[in-house]
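Trainee: I'd like to learn how to read a model like this one. Could we go through it together, one feature at a time?

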Amino acid sequence: MDNIAGTKTSLSWVMNITVVVLVLLWLIPTIGLLVSSFRDRDQISASGWWLSPFPVEQNFSIRASGDDAVPQGDLFVIEGNVYEDEDIASAFGSETPPVAAFGGTRAAPTAFAPGEVAELSRDRTLSVLEDGSYTFTSPAEFSRDPRIYFASETPPEFSLGNYETVLTSDNMDVAFINTLTVTIPATVIPILIAAFAAYALAWMDFPGRGLLIAAVVGLLVVPLQLALVPLLNLHNQVGIGQSFVGIWLAHTGFGLPLAIYLLRNYMVGLPRDIIESAKVDGATDFQVFVKIVLPLSFPALASFAIFQFLWTWNDLLVAKVFLPSDDASKVMTVKIADDLLGSRGGDWGILATAAFVSIAVPLVVFFTMQRYLVRGLLAGSVK
Amino acid sequence: MSPLIQGVLTIIIGVGGCIGYFFASNLILDKVIFPPKGDNPGRNINRANMVRPWLFLLPAILALGLYLVYPVIGSFWRSLFNRAGDEFIGFGNYITMFGDDQFRISLFNNFLWVLVVPAAATFFGLLVAQLTDRMKWGNIAKSLIFMPMAISFVGASLIWKFVYANNPDIGMINAVRDVFGLAPVDVLQLPFWNNFFLMVILIWIQTGFAMVILSAALRGIPEETVEAAIIDGANPFQIFFKIKVPQIMGTIVVVWTTITILVLKVFDIVYTMTGGNFGTEILPSYMMSYMFRDDGRATAVAFVIMLIVLPVMIWNIAQARKEMR
């Protein structure tokens, strides 16, 4: 309806471009994370992820072997090739790029262009050619193996190495299982409890019903922060303490208001005829609920299940308070926020990978069940 | 016992327990306590039907009472005691708290968050909802902007760490600065402005939520009102601001308040990005810094958050009651 004659084409161009820009803005940070998770940590700090399809100039260093020094005239000379070093060879494979620069000191690792002769301290000289072959000379015998610094373009490299590291050595696998363990019971149990309550609030007549519905609406916004201290103390007194049982109970309690609210809103909309004719035919409330209302409410049940799943999977606060803080029971969010950011703070590849491992499952759920998620959101707020 | 097996057991016990409870309690009610036979079966059936709703509601009421109602009172009561919990100090915790610089900073920052995040998220949500309304690829665009909703606050924070990083080879902001020859800055340490860089993360997440709901509301607007405006010669901007926005004002308010409530609860972003340093503390993260150390202070902060939420809660309840009539 916005397309009044004449303005249509230019306006729709502007609209399309604006949306493209917005979508890109929203998408780029996530793509950055995804790309970075496949890159090696040295490549990450050598070039931005947006340049990752291109070769990266990286600095390397090797030790020339002092034992290989051969006396030539009054000089001791080491000859060799930087790419023959074992570590370097494994990084490059058979195709070695030309050396871009070299140097003889840590302070200036790329001070000289290939082919130049670098005059170093103690009258030593170093020269590296583009193909990597070097000549190191010294008037005195080499007492220690001297270092050679050089830079060369490494080809873009993507690997699953970070995933392997994260899943094997950082206990992320344990955290993944723990997250799953917290999430599934915490999603399934509130649904049942809420479904019965929602049915009572939607289809049964009893004094105090309006008050209860109002209470549920009010409880929707109670900040979780209030519950932390009193409930943790309670759990400690009862003997549950910080444990999986405790977090299941907590998530069940915290999820109930939304569950009851969503399900009641949906159940109220079910056709009255079906339920009443079933009752006329002699069905009890229990039978009506189990055989008619529950199957018909599947879309609402699915919406809430997705909400609760995402919420419990992504939760940091409840997990920090109600789960013990030892490595064996950390969930992924706690693992990332408390462990990896501290111990692996500078290792961007590992951080990106850990983050991606933790968001992969919600993303899959999101893209496959988006329909139900949208429906649930609408039932929860537009009503 | 591995937690996974424990989890499976819990599902079985929980689900079985729930079904068993509902089935058994209904059976006992109908067959044992008020059987529809004997002296006056009619009265028994009526009585059974009066009790039954409460059987359906009992587990939910217990859980809600224990996990949401009791904590409101429990937290307030606990906040009147000292750190160890053995000495009644009245409003002592609140008084020392209001004297604490860090608390005042968090209160101020929280005020900024509440001011900026709901407004920005609703604005962008409305913008995208309107722009994609009749676009061929609108659904794909919406789906992509909606996606951050599925990502945890911790995950989102890490994603944005890659945007904000100090190193121009990692952080995009500093990469752009580098192109213009400017020295890299750590945006998370810029006094005052760092708060806004943290808010961007939450806006990024919540825009999708606002968009989905506002987009549905825009679709719900009666065509005739828009058509009438076009016939009267209104331009697209007039149609949007004078015809459409007023009609979905109620939904905009709902979206706005929902995000406001969320802003008051989210501690993850500040916790992950700055740990509350560099003047970025907000109330929820301030509370977490006292959690496990000083329960009296922690509950006092939680109760302050509750007080801020209270008006919204009352408004919500009033709306719900109005709808039910």
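**A hairpin to start with**

Mentor: Let's begin with a small detail: Gly73(A) has a positive phi near 65°, and it sits in the hairpin of strand 2 of chain A and strand 3 of chain A, with 2 residues between the strands. Keep in mind that this is a predicted model.

Trainee: How many bridges join strand 2 to strand 3 of chain A, and do they run parallel or antiparallel?

Mentor: For a pair of strands, look at the bridges and the direction. Strand 2 (residues 70-72) and strand 3 (residues 75-81) of chain A run antiparallel and are joined by 3 bridges. To see the register, take Gln72(A), which stands opposite Leu75(A) in strand 3.

Trainee: Which strand do 6 bridges join to strand 3 of chain A?

Mentor: That's strand 7 (residues 133-138) of chain A, again antiparallel to strand 3. Here the register can be read from Glu79(A), which faces Thr135(A) in strand 7.

Trainee: Let's move to chain B. How many helices and strands does chain B have?

Mentor: Chain B has 14 helices and 0 strands. Read from the N terminus, its elements are therefore a run of α after α, as DSSP runs define them.

Trainee: And what radius of gyration does chain B have, set against a compact globule of 325 residues?

Mentor: The trick is to hold the value against a reference. A compact globule of 325 residues would come out near 20 Å, but chain B has 26 Å. The spans add to that picture: along its principal axes, the C-alpha trace of chain B covers about 95 × 70 × 45 Å.

Trainee: What share of the residues of chain B count as buried?

Mentor: Of its 325 residues, 42% count as buried. For contacts, ask how far apart the partners are in sequence: in chain B, 65% of the contacts with a separation of 6 or more are between residues 24 or more positions apart.

Trainee: How is chain B divided into domains?

Mentor: Chain B has domain 1 (3-78) and domain 2 (94-324). Their C-alpha centres lie 39 Å apart. The contact between them takes 4 residues from domain 1 and 6 residues from domain 2. On the domain 1 side, those residues are 2 nonpolar, 1 polar and 1 charged.

Trainee: What does the domain assignment give for chain A?

Mentor: Chain A has domain 1 (8-51), domain 2 (56-154) and domain 3 (170-381). The C-alpha centres of domain 2 and domain 3 of chain A are 61 Å apart.

Trainee: Now the two chains together. How many residues does the contact take from chain A and from chain B?

Mentor: It takes 94 residues from chain A and 95 residues from chain B. On the chain B side, helix 2 (residues 41-78) gives the most, with 18 residues. By type, the chain B side divides into 69 nonpolar, 17 polar and 9 charged.

Trainee: Last topic: cores. Which residues have the most contacts inside the largest nonpolar core?

Mentor: The general idea is that in soluble globular proteins, nonpolar side chains tend to be buried together. In this model the largest nonpolar core has 177 residues, and those with the most contacts inside it include Ala194(A), Leu263(A) and Val301(B). Helix 5 (residues 172-203) of chain A gives the most to this core, with 18 residues. Zoom in on Leu263(A): beyond its neighbours within four places in sequence, its contacts include Ala194(A), Ala198(A) and Phe304(A). Apart from this core lies another, of 17 residues, among them Ile62(A) and Phe102(A).

Definitions and conventions. Residues numbered from 1 in each chain as written. Chains lettered and ligands numbered in written order. Predicted model: local features only at pLDDT ≥ 70, side-chain atom pairs only at ≥ 80, totals over all residues. Contact = placed C-beta atoms within 7 Å. Helix = DSSP H or I, 4+ residues; strand = E, 2+ residues; numbered from the N terminus. Nonpolar A, V, L, I, M, F, W, Y, C, P; charged D, E, K, R; others polar. Core = buried A, V, L, I, M, F, W, Y, C linked by C-beta atoms within 7 Å. Buried ≥ 20, exposed ≤ 12 C-beta atoms within 10 Å, placed from the backbone. Rg over C-alpha atoms; globule rule 2.2 N^0.38 Å. Domains from an automatic or database assignment. Pairing = 2+ DSSP bridges.
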